[in-house]
Amino acid sequence: MFNQHRVAGLMKYVGLAAMFSIVAACGGSSGDGGSGDGHVTLTFLGSDPPATVQPVISAFEKTHRNTTVKYENVPFADINTTLSARVGKGSTDPDVFMADYPTIPALAQRHILMPLDDLLPAARSVLLPDGIDASTYKGHLYALPGRASTNVLFYNKKLLAAAKIKAPSIDPEQRLTWETVLQEARQAQSAGAQWGLFFDQVSRYYQLQPLAESAGGGPGLTGGGQTPALRNPGWQKAMSFYHDLFSTGVSPRGIPVTQSPDLFTGAKVAFWVGGPWWLPQFSKTAGLDFGVAPFPYFQGGKPVTPTGSWSYGVNPHTKHKAAAVEFVRWLTMDPTGNEALFQGRFLPPANLKALDAYYAEVAKVAPSGTGDLIKYEIGHTGVPRPRIVGWLQFDEATTNMFEDIRNGQSADAAITAADGRLKEMLARVPS
Amino acid sequence: MDTNAFDQWTVRTRRFLLLPLAVVIAAFFALPLFWMTISAVRPHSEIFAHLSPLHIGFYVPDRPTAHNVTAVLSGDFLRSMINSLVTAVGTVVIGIAVSVPAAFALSAFRFRGRQVLFIVIVTSFLVPFEAIALPLADNVRQAGMENTYWALILPAIGNGQAIFLLRQFFLAVPVELREAARVDGASWWTILWRIYVPLSWPAVISAGLILFHFQWQAYLWPLLVSTSPDMELAPVTLARFLGQFDFDYGQLFAGSLIATIIPALVMLRFQRYFTTSLATSGVKG
Amino acid sequence: MTIPESAVKEAVVRRPAPGSGRRFRSRSWEPLVALGFLTPALVALVVLRLWPTATAIRGSLGGIDTPGLGAYRSLFADSGFYKSLTTTVVFNLIVNPVQVVAALAIAVLLSQRLPAQSFWRVLVFLPAAMPGAISAILWGIALRPSDGMVNALLSGLGIPKQPFLTSPSQAIWSLVLLTSWAGVGYWMIFIIAGLSDIPQTYYEAARIDGAGWWRTFFHITLPLLRRPLAFVLVSDTAANFRLFAPVQILTEGGPRQSTNLLMYDIYRQAYSYANPEGAYAEVMILLAVMIVIVAVQFRLLRSES
């Protein structure tokens, strides 16, 4: 009886061990694009909600009958991780994916993006020059820009009226200065607004670089992106301004980017600086009477707006090169494709023809003149973010600096600390 | 001290001192979840409208809506929940089948290298999973196993923590019982499943909890190996509600509620194994 | 009044210390049987945990082109690393005993046969059932300095509003609060399992001899909980040393690097900055610290016979 049981027991284990090896030997269920009859299946990776991407894909598949596109959605915060872990290690899927402008140098350097130089001449004539520049690294085109961006100043009409503040004009020539906005924000607060001013992408470089640039501080980097350059009067001025907003109670601490729009839709803040992609949601919010004005600038400085958005790239290890390149080309260089793209998300497109369609859409959800304002800003005041391999490190270090300043550290101390940390971090970045 | 007075005193203490204390403590743990539940049935615009100052509107929604719950159930979340359940249950079943015998070996037998093996097992769960996830994900890709349940379940099987827990509890099973069984001619397999396990139900359930918890909380691993829409797991789907340009807290909370209720109900169901039974006297000690 | 010697002897005799001698009938093939029982687990551990760990160790010692201690050298040259290491150690020295003691206290409280006991237990357990990111988000909202629920409660009680996660001195304690809220219910379950393992006969014997509650607790309950407590302490320590999700979601290492836990930096190096060498080197250091602390904990909770 011993032996029977013992053998039975051991057999169970042999079986289990065998299972491991069999399972490892059999493939998984992930099929690759079966191209038996010329039909190709592409995997497209992005951070947009599937509901907004499906119409784009359907439109593509209608005119490209032999290609199917499968969309994989990863959370926005993890898109770089995913690309690193998959494409960075040689995986053949996804075939096509989204790439944030400032991350393109690092992606290119790590061979995560395939060069698309053949498309460069044609691209130049149909896409925004900013986007092309951002998608280029060391002279080669690594992705095609699909979207652009800018920012405007939203204001709550009721809160301003309560303080008897004249609504700002939407004309870029009559742009308000940050100093004036601060003053009016305070006035609105004394008349009952909970907060005076707040930002969409609070404490992010994207949002605050324009302040430093407008104050003459430059992007905060020199030497081809290897040396931090934050210790100058321009950055000092911009950061002191930012510090005072929070320390004097004009703006709230502790509210993250994801809870920022709620502040404006909840009528808790008089002025809110943010992207035009919020227009549909704001216009649908019951009881929110809002206006649009140009992004402010510092007195004596030049007007600067944030810019830059998403490009679309191809996996260098893809098995379906032609189809993948065609998909990316259609998404960006084809006006139909690019229009389908912005219909989903209401970000300004990078395709010049699609932009016109965009301005027409803007007119439906925004105060009159907004389309012209966006057009003006994209064409005249956008300053792109630095294009360096160490972008993520730089972004993280500056975010920490902005948050420290927001939470009370003096601009001087925070800038010095960030400068030191950046020197160490950027030194570890391969060039 | 006379026993009757002692008994009465403890009963009264229980009722008037300990019960309110238990309620307060349970409330501390449950209140934020209660707020989340309320928020899940509010329209998004109202979620942040009533945070402060403290007033009844905080806990009572003026316009309750089922929209968040219905939206979350009609989207990808339902499928992800099912994936999460299948993965978690599979992990528990296989994990228990693997860990229980291993813990038994470590506690009922004596052999050279037993202590070393124990140290190795404990060290294995000290290593952060995130540190080994990248090379492991590579292996999975090379084996072509991405987007499969196996890829999700297998790494969770090697769980030194479950083995550790079971071993601690198995060590408390008296030697006499085992020896009596051996004298009667029982095989080790019988001893394990007919004596050790029934005496250690709370431990086995807890080991199951460890395995379940590991899978339920897993985020990085599913992100690395199974992002295909039909193989996504719940935590990743939930994370998508806080995207780049839309922050849907309503659906996020509704989905989280569903993801929380399931383990809670299972725990509630298993509570009867955790009570000290008066009948255990004489069985274990 | 002391507990009768007979009860003590009984408890001692029936709880063999690990590593003590056992009397076996047949010794010859036991190692084989034991090995049989261990094999699947060992295979899983080696293939899925230990072998990738070896890869990580190798990775920390440089790639093919640059073998050596370069990654460690740049780590030790980075001033931020020391601060991160200190923060992590201090965080763990506080949070682990706090969580274990709280779990023990609550487990004992909810094992006193109170009405609706299972219900209270599940309520305490609920935060542990929640996805970790969500509990971080919830507490982020609750701790908002201007209008969060906690500050609303405090001002209702006349206490001034606190900065919590926006203050370099309070942020790490806010994290302690958050992780304890999310974790104590989980660890409580294991202690409850341990408590249910203690036979009633011991309590009856103690009562008959007139021992009060505290004496029973310290002389019977605690010693018999030594093993489950060892498990909880070691596992909790491991979990807290590896903590980084709340940092990622709420503070990104700030304010002023006060919450820059080692594991957070490891995650960033490996997954954001594509610097696996640096990440692996940090992992090795983290592991070394953990092993030392866990060894001390085992020593402290070693069963005495």
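Helices here are DSSP runs of H or I with at least four residues, numbered from the N terminus. The exercises below concern a predicted model.

**Exercise 1. Locate C:Thr179 and describe its surroundings.**

Solution. Begin with the secondary structure: C:Thr179 belongs to helix 8 of chain C, which comprises residues 171-196. Next, consider accessibility, for which the cut-off for a buried residue is under 20% relative accessible area; C:Thr179 has a relative accessible area of 9% and is therefore buried. Then turn to the polar side of its environment, where the side chain of C:Thr179 reaches the backbone oxygen of C:Leu175 at 2.8 Å. Finally, list the contacts, leaving aside residues up to four places away in sequence: C:Thr179 touches C:Phe91, C:Val95, C:Gln99, C:Leu243 and C:Pro246.

**Exercise 2. Test whether the span of helix 4 of chain C agrees with its number of residues, and identify the residue that caps its N-terminal end.**

Solution. Helix 4 of chain C runs over residues 79-109, which is 31 residues, and at 1.5 Å a residue it should span 45 Å. The expected span is 1.5 Å times one less than the number of residues. The C-alpha atoms at the two ends of helix 4 of chain C are 45 Å apart, so the expectation and the model agree. As for the cap, C:Asp78 occupies the N-terminal end of helix 4 of chain C, with a side-chain oxygen 3.0 Å from the backbone nitrogen of C:Gly80.

**Exercise 3. Determine whether strand 11 of chain A is enclosed or not, and work out how it pairs with strands 7 and 8 of chain A.**

Solution. Strand 11 of chain A covers residues 269-274, and because six of its six residues are buried, the strand is largely enclosed by the rest of the structure. For the pairing, take strand 7 of chain A (residues 152-156), which runs antiparallel to strand 11 of chain A and is joined to it by four bridges; here A:Tyr155 has A:Phe271 as its bridge partner. Now take strand 8 of chain A (residues 195-199), whose four bridges to strand 11 of chain A are in the parallel sense, with A:Val273 as the bridge partner of A:Phe199.

**Exercise 4. Characterise the interface between chain C and chain B.**

Solution. Start with the residues in contact, of which chain C supplies 106 and chain B 113. The two chains bury about 9,900 Å² between them, and 73% of this area is on carbon and sulfur atoms. Helix 2 of chain C (residues 30-60) gives the largest share of the side of chain C that touches chain B, namely 19 residues. For the polar component, eleven residue pairs are in polar contact across the interface, with both residues at pLDDT 80 or more, whereas the count of salt bridges between chain C and chain B is zero.

Definitions and conventions: Residues numbered from 1 in each chain as written. Chains lettered and ligands numbered in written order. Predicted model: local features only at pLDDT ≥ 70, side-chain atom pairs only at ≥ 80, totals over all residues. Heavy atoms only, no water. Buried < 20%, exposed > 50% of the residue type's maximum accessible area, 1.4 Å probe, protein only. Pairing = 2+ DSSP bridges. Polar contact = N/O pair within 3.5 Å; in protein donor to acceptor, adjacent residues only side chain to side chain. Contact = heavy atoms within 4.5 Å. Buried area = accessible area lost by both parts, 1.4 Å probe. Salt bridge = Lys/Arg side-chain N within 4 Å of Asp/Glu carboxyl O.
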